[in-house]
Amino acid sequence: MASSHGTPPVFNNKVIAWIDHRLPIFSYLEKEYHTFPTPRNFNYFWNFGAIATVMLVLMIATGVVLATNYQPNVLMAFDSVERIDRDVPQGWLIRDLHMNGASFFFIAVYIHIFRGMYYGSYKAPRELLWILGVVIFLLLMATAFMGYVLPWGQMSFWGATVITNLFSAIPVVGQSVVDWLWGGFAVENPTLNRFFAFHYLLPFIIVAVVALHVVALHVHGSNNPLGIDPKGPQDTVPFHPYYTMKDGFGVMIFLIIYAGFVFFAPDYLGHPDNYIPANPLVTPDHIVPEWYFLPFYAILRAIPDKLGGVLAMFGAIGVLFVLPWLDTSRVRSCTFRPIYKWFMYLLVIDVVILGICGANPPEGWYVPLAQLATLYYFFHFLILLPILGKIERPLPLPPSIADAVLKQKAG
Amino acid sequence: MRKSMKRLLVSGALALASLSAGAAAIAAGGEIKLPSKQWHFQGPFGTYDRSAAQRGYQVYQEVCAACHSMSLMYYRNLMALGLTEGQVKSLIKDIQVPDLNDDGQPIERPAKLSDRFKSPFPNALAAAAANNGKAPPDLSVIAKARAGGPDYLYGLLIGYVPYDKLTPQQIKEFDVSKDDNFNKYFPGHKIGMAPPLADDKVTYADGTKATLDQEASDVTQFLAWAAEPHMEARKRTGVRVILFLLALAGLMYAVKRSVWADKH
Ligand code: HEM
């Protein structure tokens, strides 16, 4: 909140003025969401922060309602979810919203992260903002993983078994960690109980980290597609109504696609095996996680060694934490990085290939393909990025945002 | 702005392509091609064919219920198939369900609307023991619990091949013996369920000719309904929600344009 925007606002409503004098929430909202100077040149990629926020609120709202009818007990969990679907009035709606909401939350966050990478939003002075984002991403993955266990279908059970077992790869303390996660000697009732407790807790921690994320955002303001800092009022517009309206429109479009899945293909993104009640005695042919974990699952399986696989999987997210320091280019936006831009697209393709490998059994040519894609993933972050920043010759940056916008309009 | 729209479209298309590529890759796993039938409940406006589902219940009750439970279903649910309370009561009048009497002694009494569908076996062990070690699965959500859904169920029911019609190669490859049931669509082909349906296995109350194909299709439609009784409400709500969101999006777009008019 470095930039001051003139005198504090005057409220005509007496009640609001009274409250604001003692607890300046209205001044805060006014300053951070109304007059807040925002670059005038956002494209639609800048909608996804608002979209992710909407999804977070939606997930908490539907989740709390589901929790009022859910039974975290291995004997009842599956049937209680079916009861919500069948017998609780509008229960099917709440469940379909929550189930598909997780997928769409990930879609929003993945696009949001891509936006940050493409336009260099992680570079100084936004490193902490970015790191908080990666923390949110990790928390989101943990939340989604535990949520998927709750309906206690076959994939719930076997997914939980496979993923918790990974921790046994940790030297010395591995098995103790696994037993501690399970609350016993197998994935059983105590596991389900604690996963439910944490699935309920983590989203509120995400809310707290999102708050920090937004505080950090508002110190230096948003980045923008040109990646250059605003130099004056001609480069910015007040957040409201310009971006409230644009975000509102983007949110609507996103919700329409989301509603398409919720109402017309609610099970499309799920796995049929999760409609079979969990059975510790029958292993499914292929244990696959939800689609949003597939690239990481592929990295895990690409390494023939268990500990190596686990390290690579966590390393794949770990590199995101240090991304601001791996990228040595001083130019933020890919718009002005003629070479790096193509490597960004290549990275997206690489992650998609990893996802496809993760969806398929690790046989035949999927094995070398996954290994190659894993290698490339780390090559991109650990080797390409540091070197490219040194050798790439960026295009000339425009003198200001306003200048670029007006030129684009003219040409 | 035009350029960024284009870029957004490209990345959207990329994301969609990756999703569908993933799905196709998963689908490619089950190489066997299922029969694809035009179901009445398919598509964004599809509804359940009530008379087919009623006939399907008859098939379930007279054939499948000897081995398969449907423990998530209550008899009262049948009223959603267009039957009156009286009709459902007369459908279930001969079904005896276990209960306790006032002295705590086990008894059998006639089924009530509020009862769950009667299970043929007291527990999974008994079910497996009576079926050569393979417990018949509960059918309540079976239509959602198999890849291919209704197409798979229908295929499974019509897909049996008698031993003498198998090629020597099939017999060798899948190690089939005379006592095995070979099914074209069951993963691994050897299934613990003998062909449950045949022509005239039931006599339909509404006079429909009971061919194997008719029975299979009817019971499949019944099972599809049982797996998702609220499907029609879901689609109806969906149409309204999407129309509403479209209107709101249009409104937001108009407001956004007028707000931005002086900037771009
Ligand atoms: C629960 C998930 C998340 C929520 C609710 C959220 C919310 C937001 C919001 C509201 C904004 C401002 C609007 C915008 O610029 O789009 C923002 C900006 C930002 N977010 Fe997130 N975010 C989430 C996850 C992430 C993740 C996982 C990352 C990165 C790994 C991330 C990185 C960033 C960055 C770098 C910015 C500044 C963007 C810029 O100005 O260019 N966020 N976030």
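How many residues apart are A:F196 and A:Y200 in helix 9 of chain A, and what separation is that in helical turns? They are four residues apart, so about one helical turn separates them. I'll come back to that pair. One caution before we go on: this is a predicted model.

Let's start at the ligand. Look at the iron atom. Two histidines coordinate the iron, A:H112 and A:H213. Each uses its NE2 atom, and the distances are 2.1 to 2.2 Å. Where do these two histidines sit? A:H112 is in helix 5, residues 91-118 of chain A. A:H213 is in helix 9, residues 189-220 of chain A. The pair therefore ties together parts that are 101 residues apart in sequence.

Is A:H213 buried or exposed? A:H213 has a relative accessible area of 17%. The cut-off for buried is under 20%, so A:H213 counts as buried.

Now the geometry. Six donor atoms surround the iron atom of the ligand. Their angles run from 78 to 179°. Why is the arrangement called irregular? Six donors count as octahedral if opposite donors are over 155 degrees apart and all others lie between 65 and 115. Anything else is irregular, and the angles here make this arrangement irregular.

Next, step out to the shell. How many residues surround the ligand? The count is 21. The closest are A:H112, A:S121, A:G133, A:H213 and A:N223. So both iron-coordinating histidines are on that list of closest residues.

Which helices build the shell? Four helices of chain A each supply at least two residues: helix 3 (48-67), helix 5, helix 6 (127-149) and helix 9. Helix 6 gives the largest share, with six residues. By character, the shell has twelve nonpolar residues, eight polar and one charged.

Some polar contacts to ligand oxygen atoms. Take A:S121. An N or O atom in the A:S121 side chain is 2.6 Å from an oxygen atom of the ligand. A:R115 also uses its side chain: a polar atom there lies 3.3 Å from a ligand oxygen. A:W46 does it through the backbone. A backbone N or O atom of A:W46 lies 3.3 Å from an oxygen atom of the ligand.

On to the aromatics. The whole structure has 51 aromatic pairs over all chains. Here is the pair I opened with. The ring centres of A:F196 and A:Y200 are 6.3 Å apart, and the planes meet at 65°. The cut-off for edge-to-face is over 60 degrees, so this pair is edge-to-face. Burial next. A:F196 is buried, at 18% relative accessible area. A:Y200 is partly exposed, at 35%.

A second pair: A:W365 and A:Y366. Their ring centres are 4.6 Å apart. Their planes are at 25°, so the pair is stacked. Which of the categories fits A:W365? A:W365 is exposed, at 58% relative accessibility. A:Y366 counts as buried, at 19%.

Staying in helix 9, look at A:I206. A:I206 is buried, with a relative accessible area of 2%. Its C-alpha atom is 30 Å from that of A:P89, and the two residues are 117 apart along the chain.

Now the backbone. Most peptide bonds are trans, and most residues other than glycine have a negative phi. Here are some exceptions.

First, the cis bonds. The bond from A:A124 to A:P125 is cis, with omega near 5°. A:P125 is in the loop between helix 5 and helix 6 of chain A. Another cis bond joins A:H240 and A:P241, again with omega about 5°. Where is A:P241? A:P241 is in helix 10, residues 239-264 of chain A.

Then phi, over in chain B. B:N132 is not a glycine, yet its phi is positive, about 55°. B:N132 sits in the loop between helix 4 (124-129) and helix 5 (149-158) of chain B. B:N132 is exposed, at 78% relative accessibility. B:D200 also has a positive phi, about 60°, and is not a glycine. B:D200 lies in the loop between strand 5 (190-191) and helix 7 (212-227) of chain B. Is B:D200 buried or exposed? At 55% relative accessibility, B:D200 is exposed.

To close, back to the iron. A:H112 and A:H213 coordinate the iron, one from helix 5 and one from helix 9.

Terms used. Residues numbered from 1 in each chain as written. Chains lettered and ligands numbered in written order. Predicted model: local features only at pLDDT ≥ 70, side-chain atom pairs only at ≥ 80, totals over all residues. Heavy atoms only, no water. Donors = N, O, S within 2.8 Å, 3.2 Å for Na, K, Ca; no water. Tetrahedral: all angles 85-135°; square planar, octahedral: opposite > 155°, others 65-115°. Buried < 20%, exposed > 50% of the residue type's maximum accessible area, 1.4 Å probe, protein only. Near = heavy atom within 4 Å. Polar contact = N/O pair within 3.5 Å; in protein donor to acceptor, adjacent residues only side chain to side chain. Nonpolar A, V, L, I, M, F, W, Y, C, P; charged D, E, K, R; others polar. Phe/Tyr/Trp six-rings, centres within 6.5 Å; stacked < 30°, edge-to-face > 60°.
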